[in-house]
Structures are given as structure tokens and as C-alpha cells.
Amino acid sequence: MCGYARWLPDEYRIIVMVDRDNDDCKKLKAELEAAAMAARLRTRSQASGGPWQVANRIVIEELEAWYFGDW
């Protein structure tokens, strides 16, 4: 995240997708948010409708297979 924070242009967005169905979703989301904040990147959750740089998402029930491969 720190590497992205150094060069990320204002109009770029980062979407973080994590496939961890068995983990505690709330704890995992908090960890992802903390990592982005530590890198000084504004997350969509903390932006409250304002400009954001990172959206953290937890992929559930093979959604990533549909999104990336099974069009």
C-alpha cells in the first residue's frame, strides 16, 4: 500500500478484493482498512461520500470466479 500511496494519481482508484470466506469478515475488513490508513490512503468507507483512493472488498461464495472468469 505504501508503494501505491507514493505514486497514485488523484484520478486512480485501488480495489482490494480478498477471498477469505472462512475468516471473520468484520475483523478482516478492519485489518484492510487499517493497512490503507497506515499507508495514508483514504478508503471508501472512511470517505463518507467524498473522494477516496481505496475500496476494500471481501469476496464471498466464489464471486471472484464469476467476476473475473465466468462471463
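## Ile-15, Thr-43 and the two-strand pairing

Leaving aside neighbours within four places in sequence, Ile-15 is in contact with Trp-52 and Ala-55, where contact means heavy atoms within 4.5 Å. Ile-15 sits in strand β1. Arg-44 is 29 residues from Ile-15 in sequence, and the two are 9.8 Å apart in space, C-alpha to C-alpha.

A word on the source: this is a predicted model, where local features need pLDDT of at least 70, side-chain atom pairs count only at pLDDT 80 or more, and totals for chains, interfaces and linings use all residues. Residues are numbered from 1 along each chain as its sequence is written, and side-chain values use heavy atoms, with hydrogens and water left out.

On confidence, pLDDT is the predictor's own score for each residue, from 0 to 100. The chain averages 85, and 83% of the residues score at least 70. Helix α2 (residues 25-38) has the highest confidence, at a mean of 93, while helix α4 (residues 63-68) has the lowest, at 64.

Now the layout. The chain has four helices and two strands, in the order α-β-α-α-β-α along the sequence. Helices (H or I, at least four residues) and strands (E, at least two) are DSSP runs, numbered from the N terminus. Strands β1 and β2 (residues 54-58) pair in the parallel sense over five bridges; two strands count as paired if DSSP finds at least two bridges between them. One such bridge links Val-18 to Ile-58 in β2. Of the contacts in the chain with a separation of 6 or more, 59% are between residues 24 or more positions apart.

Which side chains of β1 point to the buried face? Along this strand (residues 14-18) the side chains alternate: Ile-14, Val-16 and Val-18 point to one face and are buried, whereas Ile-15 and Met-17 point to the other and are not. Here buried means under 20% relative accessible area, exposed over 50%, and partly exposed in between (1.4 Å probe, protein chains only). Buried residues make up 25% of the 71 residues in the chain.

Back to the loops. Thr-43 lies in the loop between α2 and α3 (44-47). Not counting residues up to four places away in sequence, Thr-43 touches Glu-33, Ala-36, Trp-52, Val-54 and Asn-56. Thr-43 and Arg-13 are 30 residues apart in sequence and 9.7 Å apart in space, C-alpha to C-alpha. Arg-40 is in the loop between α2 and α3 too, and has a positive phi of about 65° although it is not a glycine. Ser-48, in the loop between α3 and β2, also has a positive phi, near 50°, without being a glycine.

Here is how four residues rate by relative accessibility:

| Residue | Relative accessibility | Class |
|---|---|---|
| Thr-43 | 0% | buried |
| Trp-7 | 46% | partly exposed |
| Ser-48 | 68% | exposed |
| Arg-40 | 75% | exposed |

Finally, the surface. Accessible areas come from the Shrake-Rupley method with a 1.4 Å probe; for residues, only the protein chains shown count as cover. The chain's accessible surface comes to about 5300 Å², of which 52% belongs to carbon and sulfur atoms. Trp-7, in helix α1 (residues 2-7), joins Met-1, Tyr-4 and Tyr-12 in a nonpolar surface patch of about 420 Å². Patches are made of residues with over 30% relative accessible area and no salt bridge, with like charges joined within 9 Å and nonpolar side chains (Val, Leu, Ile, Met, Phe, Trp, Tyr) within 5 Å. A salt bridge is a side-chain nitrogen of Lys or Arg within 4 Å of a carboxyl oxygen of Asp or Glu.
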